[in-house]
Amino acid sequence: MKLRVIHETVYQYTPAVQNAQHMAHLRPRTGPVQRVLTHALQIDPAPAQCEAMQDVFGNTRAFFSLPFTHEQLRVRAESLLETSPPPPAPPGEPWEAVRERLAYRRGQPHHAATEFSFASPYIPRHANFVAYAAESFAPGRPLMDAARDLMARIHADFAYTSNATDAGTPALESLRLRRGVCQDFAHVMIGCLRSLGLAARYVSGYLLTEPPPGQPRLVGADASHAWVSVWSPCAAPRGDGLEGDAWFDLDPTNDRAAGEDYVTLAIGRDYSDVSPLRGVIHGGDHHLLQVAVTVEPIGFRPPTAPENPG
């Protein structure tokens, strides 16, 4: 599938901002099931300085500065991507065995996935998460079976309510409220997994949404999205004596695994690592924010014809 993503953010400031510095995570990642074909970032007014670099998680982030007076900021990111279906997640090892792989042992190699098993700014490790996850994580249950069950329970138990939380709501508060948006659903699921000693990442991105039958697609009607990536070791070795890494993406908001209709923008420990746009401004005591996202299907890639053995 080919998808065009347009993410436009507009700030109106009152009074005017005197100077500002911003950081944006708006370039999608390239990986095994997703390839960025083109990407353009437009900033108005034009920044005095703009540079892009990779962060510690492999995301591309852009820094730009506006050291002059401005009453409006418009940031538009347009990307064209090619996506393919990810491989299905096997049941995996018993979840306790995976937890043991991530446990610290003196003198033993440090596994890279371990950094996603600790607490993060929005997601503590807490007994309340363990209590909620217990129904899904019975002793000896394969990790991905348990993770999918946890995903389904969050989807069933939590109400999707856009005004119940905000971008800074901690995961424990979302768990208590049993309501929120995709960010909250992802934070709660990650909190449950990490509190059990497992590794889970926060994924920000987009989901292709289809309009009702007979209705046209509306420009800007889509939204940014968030889901969870769970680490489960591959059963087959990579050939160098070590077992391979496998991250499997689950979406508790929609109770499904991520597919080719998902676009991964950035990964991190929680929302604080990957917010699409953030910054520090001088002035602009009041602001009006408008965000419009369009995820447009361009077409499907026809299957490759098999080679003629003759």
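In the predicted model, D222 is located in the loop that connects β8 (200–207) with β9 (224–231). The relative accessibility of D222 is 9%, so this residue is classed as buried. A polar atom of the D222 side chain is placed 2.9 Å from the backbone nitrogen of V295.

The search for disulfides across the whole structure returned 0. C182 takes part in no disulfide, the nearest cysteine sulfur being that of C192, at 17 Å. For C192, the closest cysteine sulfur is likewise that of C182, and no bond is assigned because the 17 Å between the two sulfurs is too far; a disulfide would require the pair to lie within 2.5 Å. Both cysteines are nevertheless buried: C182 has a relative accessible area of 10%, and C192 has a relative accessible area of 0%.

At the level of the whole fold, the protein chain comprises 6 helices and 14 strands. Its C-alpha atoms occupy a box of roughly 65 × 60 × 50 Å along the principal axes. The radius of gyration of the protein chain is 21 Å, which agrees with the value near 19 Å expected for a compact globule of 310 residues. Of these 310 residues, 44% are buried. Among contacts with a separation of 6 or more, 76% join residues that are 24 or more positions apart. The accessible surface of the protein chain amounts to about 15700 Å², and carbon and sulfur atoms contribute 53% of this area.

Methods:
Residues are numbered from 1 along each chain as its sequence is written. This is a predicted model: local features need pLDDT of at least 70, side-chain atom pairs count only at pLDDT 80 or more; totals for chains, interfaces and linings use all residues. Side-chain values use heavy atoms; hydrogens and water are left out. Helices (H or I, at least four residues) and strands (E, at least two) are DSSP runs, numbered from the N terminus. Buried means under 20% relative accessible area, exposed over 50%, partly exposed in between (1.4 Å probe, protein chains only). A polar contact is a pair of N or O atoms within 3.5 Å; within protein, one must be able to donate a hydrogen and the other to accept it, and residues adjacent in sequence count only if both atoms are side-chain atoms. The radius of gyration is taken over C-alpha atoms; the globule rule is 2.2 Å times the number of residues to the power 0.38. Contact means heavy atoms within 4.5 Å. Accessible areas come from the Shrake-Rupley method with a 1.4 Å probe; for residues, only the protein chains shown count as cover.
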